[in-house]
Amino acid sequence: MTEEHRQRLDAVADRTDELSRRWAPVVLRWTAALLWLSNVSWKVPTTFGRSDGNCRGLCGYVQDGIDHRVVPGSPWFFEQIVQPNLVVFGWMTLFVEAALAAMLLSGRYVRFAAVLGFVQEGWPGMFLDWG
């Protein structure tokens, strides 16, 4: 291998590293945004899954929170706070998830989106037993 050939390979490697450093976070951010956006599909306004005695979607999630206790007080929280206010809870959840997707897709307020996503996804998740 000649010195010129080695320099060309090094230049290509440097350019590839530069592109990876620049685009990898963008691709990961867009992927996370699309995942948040896909989560919106099961939170259908205006009933949020409650219809004629059936409970699907967000309503089903709340019912699972009532049926499967993980931490003390979680069924009470879902039954007394969330279930009677399902429409308010649903609109709030829908708005937050759509805002998270918009922030991640646009690249604006990404750190705020990270904190908001952690809070929004973390607190309900600790109340449910998925096992």
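Is C59 buried or exposed, and what is its relative accessible area? C59 is buried, at a relative accessible area of 5%, where buried means under 20% relative accessible area, exposed over 50% and partly exposed in between, with a 1.4 Å probe and protein chains only.

The structure is a predicted model, in which local features need pLDDT of at least 70 and side-chain atom pairs count only at pLDDT 80 or more, while totals for chains, interfaces and linings use all residues. Residues are numbered from 1 along each chain as its sequence is written, and side-chain values use heavy atoms, with hydrogens and water left out.

**The disulfide**

C59 forms a disulfide with C55, the two sulfur atoms lying 1.9 Å apart; a disulfide is taken here as a pair of cysteine sulfur atoms within 2.5 Å. By this rule the count is one disulfide. The torsion about the S-S bond of C55 and C59 is about -100°, so the disulfide is left-handed. Its partner C55 counts as partly exposed, at 30% relative accessibility, whereas C59 is buried.

**Helix packing**

Helices (H or I, at least four residues) and strands (E, at least two) are DSSP runs, numbered from the N terminus. Axes are lines fitted to C-alpha atoms, for helices over the stretch in contact, and angles run from 0 to 180 degrees between N-to-C directions. Helix α2, residues 57-67, and helix α4, residues 86-106, have axes that come within 11 Å and cross at roughly 115°. That makes α2 roughly perpendicular to α4, given that angles under 35 degrees count as roughly parallel, over 145 as roughly antiparallel, 65 to 115 as roughly perpendicular and the rest as oblique. The crossing of α2 and α4 is right-handed; a crossing is left-handed if the near helix is turned anticlockwise from the far one by less than a right angle, and right-handed if clockwise. On the α2 side the contact (heavy atoms within 4.5 Å) is made by L58, C59 and V62, and on the α4 side by L86, F89 and G90. By class, this contact of α2 with α4 has five nonpolar, one polar and no charged residues, where Ala, Val, Leu, Ile, Met, Phe, Trp, Tyr, Cys and Pro count as nonpolar, Asp, Glu, Lys and Arg as charged, and the others, Gly among them, as polar.

Helix α4 also packs with α1, at an angle of about 160° and with the axes 8 Å apart. That makes α1 roughly antiparallel to α4, and the crossing of α1 and α4 is left-handed. Residues R29, W30, A32, A33, W36, L37 and N39 of α1 meet E97, L100, A101, L104, L105 and S106 of α4 in this contact. By class, the contact of α1 with α4 has nine nonpolar, two polar and two charged residues.

Also in helix α4 is T93, which is buried, with a relative accessible area of 8%. Leaving aside residues up to four places away in sequence, T93 touches K43 and Q120.

**Positive phi outside glycine**

Two loop residues that are not glycine are set out below.

| Residue | Phi | Loop | Relative accessible area |
|---|---|---|---|
| F48 | about 55° | between α1 (3-39) and β1 (50-51) | 0%, buried |
| Y109 | about 55° | between α4 and α5 (110-125) | 56%, exposed |

F48 thus has a positive phi in a buried setting, with a relative accessible area of 0%, while Y109 has a positive phi and is exposed, at 56%.
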